[in-house]
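The following exercises are to be worked with the sequence and the three-dimensional model at hand. Each task is followed by a solution in steps.

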Amino acid sequence: MPRLPSQLPIPVTGPQVAGTGAWLAAWLAAVVYATLYPWSGWHTPGRWMFAFLFEPWPRWWTGFDVAVNVAAYLPTGLLLTAWLARRLSVSMGLAAVLATVAAAGLSLALECLQALLPARVPSRMDLLANAAGGLAGALVAVSIGRRRIEQWPQWARETLPLMPHSTPGLLLLCAWLVAQFYPQPLVFATGDLVSLAATTPGEPAHPWVSGWLLPHDLEPFAEAAGVSMTVLAIGLVAHDLLRAGARGAAAAVAAPIVAAIAIKSVASAAYLGQVNALAWLNAGAQGGLLAGIVALLLLGWVGRRARLWLAIVTLAGATLLFNLAPPNAYYLSMRAGWGGGAWTNFHGLLRAVATAWPFAAIAWCGWRLRSTARRGL
């Protein structure tokens, strides 16, 4: 039976701290990107950048907006407190104070930068909510204790059959699952560069791109091939994170694929209604899932280096297909009800994750190849 974090041994080694720092860096990157989205139209502010601090309270605001701003900075305060306590060798109390100040400072800087974006409006209420979230996270960290927080990665490795230093790979898998909330031209399609700058969903950004797209009658076959290669690649990446001979390896490899299916269904039901929860599971997606699972059963247990090379090839092939294939009807119907409102920043973050994911995954596999070559594996 796996030990709980409170039962773990006291000494904290480098990998545990590195794991905490990796999650902190990923969360901060997400906060910065979402706060400054859409990252376009930068201009010289027509007023003092700190003027929002002295303006009257906004007339219109919702509890939902305040809750989102608090929740966005709560993990920042929690993880930053533990990280600072370790790096600076200070008490958790002092680290909590420093983390709260740092969270408020980050929010202040980002709110000021919003004055340079025409689509964003700096707000004193957002600043206070962010600072409150950082303080709440810091207090939670103090109540939990630094060592328990730092030992979460070790607890995960003991609960799951993970390799040491598997945190970046685990982050990649989590990012892929998050990307499934975003409506994609084809099922599981990531790395969509063709429609990145398109003014109309489903249309290429430039006329010359049309000549490179596959005919519409080949779209189901392209989707099936892309889905099957993606399923195989995800399974290979998940397997690379596991210890050799680990128990429950098959379940661990299947978990992200099953989770992605559930996420696609939830997103489809949320935007198209419960009766359309499985609207994304068209003929191409069904064939791709089946072919990908069969390929994973046949090829998923090859040697580590062969597994990584195969993941790189399948990721590159799937990304190429997803960029050349025309979007399907399901994507266009999802796009009709997507974006805008209070979720604009969240949508922009999802789009960035979905676009960058396969390239980050290929880079991760290349790094793993290099490290395994050094160790002679």
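**Exercise 1. The centre of a core**

Task: Determine which residues Trp357 touches, leaving aside residues up to four places away in sequence.

Solution. The model under study is a predicted one.
Step 1. With those sequence neighbours set aside, Trp357 is in contact with Leu172, Ala175, Trp176, Thr190, Ile234 and Leu315.
Step 2. The largest nonpolar core has 34 residues, and Trp357 is among the four that touch the most other members, together with Trp176, Phe188 and Cys365.
Step 3. At least two residues of this core come from each of the helices α7 (167-179), α8 (219-240), α9 (249-272), α10 (283-299), α11 (304-324) and α13 (344-375). Helix α8 supplies the largest share, eight residues.
Step 4. Another core lies apart from this one; it has twelve residues, including Leu78, Met92, Ala99 and Ile149.

**Exercise 2. The overall composition**

Task: State how many helices and how many strands the protein has, and what percentage of its residues is buried.

Solution.
Step 1. There are 13 helices and zero strands.
Step 2. The protein consists of 377 residues, of which 44% are buried.
Step 3. Among contacts with a separation of 6 or more, 82% join residues 24 or more positions apart.
Step 4. The protein exposes about 18400 Å², and 71% of this area is supplied by carbon and sulfur atoms.

**Exercise 3. A network of charges**

Task: The structure holds two salt bridges. Identify which residues are joined into one network by salt bridges that share partners.

Solution.
Step 1. One salt bridge is formed by the side chains of Arg304 and Asp240, at 2.8 Å from N to O. Arg304 belongs to helix α11 and Asp240 to helix α8, so this pair ties together parts that are 64 residues apart in sequence.
Step 2. The side chains of Asp240 and Arg368 also meet in a salt bridge, again at 2.8 Å from N to O. This pair links Asp240 in helix α8 with Arg368 in helix α13, 128 residues apart.
Step 3. Salt bridges with shared partners therefore join Asp240, Arg304 and Arg368 into one network.
Step 4. To count as buried, a residue must have under 20% relative accessible area. Arg304, at 16%, is buried; Asp240 is buried at 2%, and Arg368 is buried at 7%.

**Exercise 4. The length of a helix**

Task: Find what span helix α3 (residues 92-114) should have at 1.5 Å a residue, and how far apart its end C-alpha atoms are.

Solution.
Step 1. Helix α3 has 23 residues. The expected span is 1.5 Å times one less than the number of residues, which gives 33 Å for α3.
Step 2. The end C-alpha atoms of α3 are 32 Å apart, which agrees with the expected span.
Step 3. Buried residues of α3 include Met92, Ala95, Ala96, Ala99, Thr100 and Ala103. An α-helix has 3.6 residues a turn, so residues three or four places apart point the same way.

**Exercise 5. A nonpolar patch**

Task: Is Leu297 buried or exposed?

Solution.
Step 1. Leu297 is located in helix α10.
Step 2. An exposed residue has over 50% relative accessible area; Leu297, at 60%, is exposed.
Step 3. Leu297 forms a nonpolar patch on the surface with Leu290, Ile293, Val294, Leu298 and Leu299. Together these residues have about 590 Å² of accessible area.

How values were computed:
Residues are numbered from 1 along each chain as its sequence is written. This is a predicted model: local features need pLDDT of at least 70, side-chain atom pairs count only at pLDDT 80 or more; totals for chains, interfaces and linings use all residues. Side-chain values use heavy atoms; hydrogens and water are left out. A nonpolar core is a set of buried Ala, Val, Leu, Ile, Met, Phe, Trp, Tyr and Cys residues joined through side-chain atoms within 4.5 Å. Buried means under 20% relative accessible area, exposed over 50%, partly exposed in between (1.4 Å probe, protein chains only). Helices (H or I, at least four residues) and strands (E, at least two) are DSSP runs, numbered from the N terminus. Contact means heavy atoms within 4.5 Å. Accessible areas come from the Shrake-Rupley method with a 1.4 Å probe; for residues, only the protein chains shown count as cover. A salt bridge is a side-chain nitrogen of Lys or Arg within 4 Å of a carboxyl oxygen of Asp or Glu. Patches are made of residues with over 30% relative accessible area and no salt bridge: like charges are joined within 9 Å, nonpolar side chains (Val, Leu, Ile, Met, Phe, Trp, Tyr) within 5 Å.
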